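Here is a short report on one protein chain. It covers the fold first and the charged side chains after that.

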Amino acid sequence: MAFSLKVGSKVEATFPGVWFLFAYYAGSLLFDFEDGEYDVEFENLVEADGSAPRKEVVNANQLRPRPPIVFSSSFSIGDLVEVYVHDGWWVGTVTRVYPYNYYDVVLQVDGEVVFIELSKMRLHQVWDNGRWVIIID
């Protein structure tokens with residue numbers, strides 16, 4: 001992992017659930033159980049009743065720091081990207097380029113095609129041995 005996990009840290013997390021394991025969601029660390037698990041409050045997910053931000057206990061291996069912002073003015077067919085849909089960041093491949101910075105992206109998890117604008121896309125990066133690595137394909 002090789003990054004400092006402190007209460008209040010801004011992170012991205014995945015957590016158990018049918019779909020939740022396939023995306024990363026922005027959140028903050030609320031509590032360190034000191035056994036490799038952390039309480040995370042998510043920024044864009046809410047409890048089932050809509051009353052409050054969703055909180056989950058997640059294992060350290062389900063956490064990563066927020067990736068650096070790597071700007072791209074455009075993407076090409078075949079580029080591996082992350083897209084912000086369904087309240088999280090999902091990995092997919094660009095399959096079509098439209099005018100005015102819009103794209104079709106096929107999500108890896110289920111083959112869903114999303115029509116998305118450039119502002120909701122980023123380069124696919126993985127946290128590997130304490131550093132961010134951009135994955136091209």
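The report below goes from the whole chain to single residues.

This is a predicted model, in which local features need pLDDT of at least 70, side-chain atom pairs count only at pLDDT 80 or more, and totals for chains, interfaces and linings use all residues. Residues are numbered from 1 along each chain as its sequence is written, and side-chain values use heavy atoms, with hydrogens and water left out.

**Overall fold**

The chain has 12 strands and zero helices. Both are DSSP runs numbered from the N terminus; a helix (H or I) needs at least four residues and a strand (E) at least two. The C-alpha trace spans about 50 × 35 × 20 Å along its principal axes. The radius of gyration is 16 Å, which agrees with the value near 14 Å for a compact globule of 137 residues. That radius is taken over C-alpha atoms, and the globule rule is 2.2 Å times the number of residues to the power 0.38.

Buried residues make up 37% of the 137 residues. Buried means under 20% relative accessible area, exposed means over 50%, and partly exposed lies in between (1.4 Å probe, protein chains only). The chain exposes about 7900 Å², with carbon and sulfur atoms supplying 53% of it. These areas come from the Shrake-Rupley method with a 1.4 Å probe. A contact means heavy atoms within 4.5 Å. Of the contacts with a separation of 6 or more, 43% join residues 24 or more positions apart.

**Charges and salt bridges**

The chain carries 10 positive and 20 negative charges, and their mean positions are 6 Å apart. Lys and Arg count as positive, Asp and Glu as negative; His and the chain ends are not counted. Each charge is placed at NZ of Lys, CZ of Arg, CG of Asp or CD of Glu.

Side chains of opposite charge can pair when their charged atoms come close. A salt bridge here is a side-chain nitrogen of Lys or Arg within 4 Å of a carboxyl oxygen of Asp or Glu. The whole structure holds six salt bridges, including those tabulated here.

| Salt bridge | N to O distance |
|---|---|
| Arg66 and Glu43 | 2.4 Å |
| Arg64 and Glu82 | 3.6 Å |
| Arg122 and Glu82 | 2.7 Å |

Arg122 sits in strand E10 (residues 121–123) and Glu82 in strand E6, so this pair links distant parts of the chain, 40 residues apart. Both Arg122 and Glu82 are buried. Glu82 and Arg64 are buried as well. Glu12, Arg64, Glu82 and Arg122 are linked in a network of salt bridges.

The partners of the other tabulated bridge are partly exposed: Arg66 has 29% relative accessibility, and Glu43 has 42%.

Which side chain of opposite charge is nearest to Asp39? It is Lys55, 6.1 Å away, and Asp39 is buried yet has no salt bridge. Asp39 lies in strand E3. Leaving out residues up to four places away in sequence, Asp39 touches Ser28, Leu29, Leu30, Phe31, Phe33, Lys55, Glu56 and Val57.

**Positive phi in loops**

Most residues other than glycine have a negative phi. Asp87 has a positive phi near 70°. Asp87 is found in the loop between E6 and strand E7 (88–98), and is partly exposed at 37% relative accessibility. Asn101 also has a positive phi, of about 65°. Asn101 lies in the loop between E7 and strand E8 (102–107), and its relative accessible area of 38% makes Asn101 partly exposed.
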